[in-house]
Amino acid sequence: MAPVKTFGFSFLLKLVCLNPKPQKRAVRERHKPSKSGFDYHRSLRLRIQQIAFEGLSKAQVGIDGSDNEGPERASAKRGLQRFFTWREDNPGLLEACPALTFLSPKGFFKVIFQPDFLSELDGRRTAVHVWNTQQELSSNLVLAALCAVAIRFPPQHRPDDFAALSLQDGRFYRWSDATREHAALGENLLAMLDTQCELARTELGIPAIGPEVPLPIA
């Protein structure tokens, strides 16, 4: 038996917003063995948390450095600049928030939702995930993905709201804006990705998954 793949929330957003053919290709590539390189997205999240919790300045996180850099580093720098702009508009206290990991309905992949910080916005304690991938997001699909997270978060630790902050265009997506239709769409998206993962495993000759079963939805 081979373990299931774990998708970060940014990768989940990327997948659900892709067209069918590139989506299938992305799922298949994720199931192939790969060598780990430098993760600029992880580096960006670390810098954002240092800004949020340690009060680092633009100079301290390297924003004021040279612009003669590769595309990934330049993208991370632009993201940090936009995060500072967002903080100017939302200067409240930021706190850490626990992550949520859940199994897909058929058990072919896991999702980890790791909020970058918790902030009180409009009177709601909101767990915010930062997005900085150069791909256009669909509002309906992002809200659907946030619904899939929110309904699985343990009630005793659940924030009042969940959100995704796009550092590409400054848009802010809130679970509290979602409808029942978004919640149903979220479950359909997970089921569809289960099918894609099952197909990828079959095509690549990956052994059957283990006996894990999804936890009940809260």
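**Entry 1: Arg152 and its partner**

I started with Arg152, which is buried at a relative accessible area of 13%. I am working on a predicted model throughout. The cut-off for buried is under 20%, so Arg152 at 13% falls on the buried side.

Next I asked which side chain Arg152 meets in a salt bridge. I found Glu187, with N to O at 2.7 Å. The two come from distant parts of the chain, 35 residues apart: Arg152 sits in the loop between helix 5 and strand 7, and Glu187 in helix 6. I looked up Glu187 as well, and its relative accessibility of 22% makes it partly exposed. So this salt bridge pairs a buried Arg152 with a partly exposed Glu187.

**Entry 2: Same loop, Pro154**

I stayed in the loop between helix 5 and strand 7, since Pro154 is found there too. Is Pro154 buried, partly exposed or exposed? I get a relative accessible area of 28%, so I noted Pro154 as partly exposed. I also checked Pro154 against Leu100, 54 residues away along the chain. Their C-alpha atoms are separated by 8.7 Å.

**Entry 3: The other salt bridges**

How many salt bridges does the count come to? I have 6 on my list, and I followed up some of them.

Arg28 pairs with Glu203, and the closest N and O atoms are 3.0 Å apart. Arg28 belongs to helix 2 and Glu203 to helix 6, so this pair ties together parts that lie 175 residues apart in sequence. I wrote down Arg28 as partly exposed at 26% relative accessible area. Glu203 is partly exposed as well, at 39%.

Then I took Asp161 with Arg124, another salt bridge, where the closest N and O atoms are 3.3 Å apart. Asp161 is in strand 7 (residues 161-166) and Arg124 in strand 6, so here the parts tied together are 37 residues apart in sequence. I looked at how open each end is. Asp161 comes out at 0% relative accessibility and counts as buried, whereas Arg124 at 32% counts as partly exposed.

I went back to Glu187, partly exposed at 22%, and to Arg152, buried at 13%, before looking for shared partners. Lys24, Arg28 and Glu203 are joined into one network by salt bridges that share partners.

**Entry 4: Helix 1**

I turned to helix 1, residues 9-17, to see how enclosed it is. I count 8 of its 9 residues as buried, so the helix is largely enclosed by the rest of the structure. The buried ones are Phe9, Ser10, Phe11, Leu12, Leu13, Leu15, Val16 and Cys17.

What do these buried residues pack against? I listed three helices: helix 2 (20-31), helix 5 (139-150) and helix 6 (180-204). I also listed three strands: strand 1 (5-8), strand 4 (109-113) and strand 6 (124-131).

I picked the helix 5 contact for a longer look. The axes of helix 1 and helix 5 are 10 Å apart, and the packing angle is about 135°. That angle makes helix 1 oblique to helix 5. I have the crossing down as right-handed. From helix 1, the contact uses Phe9, Leu12, Leu13, Val16 and Cys17; from helix 5, it uses Leu141, Val142, Ala145, Leu146 and Val149. I sorted the contact by class and got 10 nonpolar residues, no polar ones and no charged ones.

**Entry 5: Ser75**

I looked up Ser75, which lies in helix 4 (residues 71-89). Its relative accessibility is 10%, so I put Ser75 down as buried. Which residues does Ser75 touch, leaving out those up to four places away in sequence? I find Asn132, Gln134 and Gln168.

**Entry 6: The whole chain**

I finished with the overall layout. I count 6 helices and 8 strands in the protein. Read from the N terminus on, the elements run β-α-α-α-α-β-β-β-β-β-α-β-β-α. Of the 218 residues, 43% are buried.

I also checked how far apart in sequence the contacting residues are. Among contacts with a separation of 6 or more, 72% come from residues 24 or more positions apart. My salt bridges include a pair with a much wider gap: Arg28 in helix 2 and Glu203 in helix 6, at 175 residues.

Definitions and conventions: Residues numbered from 1 in each chain as written. Predicted model: local features only at pLDDT ≥ 70, side-chain atom pairs only at ≥ 80, totals over all residues. Heavy atoms only, no water. Buried < 20%, exposed > 50% of the residue type's maximum accessible area, 1.4 Å probe, protein only. Helix = DSSP H or I, 4+ residues; strand = E, 2+ residues; numbered from the N terminus. Contact = heavy atoms within 4.5 Å. Axes fitted to C-alpha atoms, helices over the stretch in contact; angles between N-to-C directions. Parallel < 35°, antiparallel > 145°, perpendicular 65-115°, else oblique. Left-handed = near helix turned anticlockwise from the far one by under 90°. Nonpolar A, V, L, I, M, F, W, Y, C, P; charged D, E, K, R; others polar. Salt bridge = Lys/Arg side-chain N within 4 Å of Asp/Glu carboxyl O.
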